[in-house]
Amino acid sequence: MAFKASDLEAKLREQLPVMIGLAGDGEPASASSTRPCETACLKSRPGLLDLSDEVLVLIFRRLDPFSLLRAGSTCRALLRVCSCSSLWRPLFQVSFGVSFTAAVNSISLKDAFRLLYMWRVLYSSLHCNAHLQKKLFSETPKYWVQWLVLEEKVPLPPVKLPDYEMENIWGLKLDCLEGRHREDAEEGETDGILKFEWKELYDRAIKHHGSFANVVQHVLEQQVTTDHSELEELYREYRRFRFLWHLTYWLFKQPKPVDRDLRNTFLQWKRYKRRKVASWGKAQCDVDYLAHLHHVTRDYIEGQLAKGDENVGIQSCAMCINTPGFYWIMLSVWGIIITCQVYTDTLDGVYMVLNKEMAVSGVNHYQFCQVAKVQMARVCKLEETAMNYVNWRMIDSTYYYKLFMLTGCDHLLIYLKAFLHRKRVVNDWILQDENAWARQKLPEKLYRLLQFETKISKGSLHGDHPFARLSRAIWIYLLYGEQLLMEDVKELVFQYAQDAL
């Protein structure tokens, strides 16, 4: 089935947001929802469609391919302008490095760009795209062989096809196919089978057609009357799952020693369910769960690294997680024994500093190490301020902690010491002899909030139940330290203890 221009817009609507005007309640604006006076006013104002086609072409030359396709999907007038070959010719040259002569081809430049772009994106993901591998590595259909003509390196066994098939697919004349590659026909077959390496056929095609650009045009000419629904479906699947595929390949395709170190380092970031991580690297492994154990891989799988560039994003993931030399760098700089928790908190600090930059571009090794050295110094100072690990775990949810990791201002350490002191005050108060009756009657869950080593998480501050109300009262007192706030804590404790009588 021939590829139709209207099919492009239908497919784009499934993948790209269409720029449409919305009324105030989120419904598309219509003539019936506009008052007559407003309609007359709108008609009197010049708009984009009042410009000539020549001016619109000059404007649209500044757009990238996706923006150009979005603009063409808004209305018929812009579809006609956005299909202009003068717009797509330079985009084709920049994207694929070859020129395209629409005059000698029955396929439009826009359609040629779309088909070639989808194939190139899919082929670049072949190493992690199991569905495309299945199609290519089994009995490769002629449709996919035609696309493989464009690739110099194809990870498939030698091609075994009749001479007329090779002539049609690669565009080679019979005299270009040497007889020494001919194999004897099997019983029942009348045509001889030719056997060639993919690289050799690629070189012969370049030599025969004169240039790679001519090979591209030959392939697109052969594909113009073909149904491309399978290619389009695979591309939609790639757009949906590409981050998951790339992350899976990176996590589980490492050499065994590296894989073991990567797993150990990766699982240090958060408490995890052993049942879920036991299937690491297997088909039933929950990769989405693993990705959300770490800040950087969570951002990657949600497309928030390097403006959605899969390869650059993976480099950022590797830089922040798989850094086997990081321990030794820090040991040589600080001369201390680095615990697992110091390492983890240091990289948490690196993420706080670099996350905005990683969202736009990748982070190089030098930049990562320089930030890591600064963050480790701050982590060590925080550990010294808190005196021990138990105290340290109680302050990392405060904004003082995060501000210190971002700025390094020493006066913030005073606030953190005061926070811990007030936590001790609450603990000592509930342990006084006159409060023994309250300790006995207070529910165990509420009593734990008053103990010194209990960390108050931000998730416990929401709601109107007793646990949330007491958590909020203690949290506000710990942050601000006013005696009236401590009185509020006492009042709530006595109230809940009295209710339990």
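Modeller: Before we start, a word on classes: Asp, Glu, Lys and Arg count as charged, Ala, Val, Leu, Ile, Met, Phe, Trp, Tyr, Cys and Pro as nonpolar, and the others, Gly among them, as polar. Also, this is a predicted model.

Colleague: OK, so how do the residues lining the largest pocket divide into nonpolar, polar and charged?

Modeller: That pocket has a volume of about 790 Å³. Its lining takes in 23 residues, with Trp269, Asp348, Arg393, Asp396 and Lys455 nearest the centre. Sorted by class, the lining comes out as seven nonpolar, seven polar and nine charged.

Colleague: Which helix supplies the largest share of that lining in the largest pocket?

Modeller: Helices H20 (340-360), H22 (389-395) and H23 (399-407) each put in at least two residues. The largest share is seven residues, and the helix giving them is H20.

Colleague: And the second largest pocket, which element gives the most to its lining?

Modeller: There's about 400 Å³ of space in that one. It's lined by 19 residues, and closest to its centre are Cys128, Ala130, Trp245, Thr248 and Tyr249. Helix H8 (130-137) and helix H13 (229-252) are the elements giving two or more residues. The top contributor, with seven residues, is H13.

Colleague: What about asparagine 435, is it buried or exposed?

Modeller: Asparagine 435 sits in the loop between helix H24 (411-430) and helix H25 (436-441). A polar atom of its side chain lies 2.7 Å from the backbone oxygen of tryptophan 429. The cut-off for buried is under 20% relative accessible area. Asparagine 435 has 4%, so the word for it is buried.

Conventions. Residues numbered from 1 in each chain as written. Predicted model: local features only at pLDDT ≥ 70, side-chain atom pairs only at ≥ 80, totals over all residues. Heavy atoms only, no water. Helix = DSSP H or I, 4+ residues; strand = E, 2+ residues; numbered from the N terminus. Buried < 20%, exposed > 50% of the residue type's maximum accessible area, 1.4 Å probe, protein only. Polar contact = N/O pair within 3.5 Å; in protein donor to acceptor, adjacent residues only side chain to side chain. 1 Å grid on protein atoms, 1.4 Å probe; cavity = no way out; pocket = protein on both sides within 12 Å on 5 of 7 lines; lining within 4 Å. Points joined across faces, edges and corners; volume = space filled by probe spheres on them.
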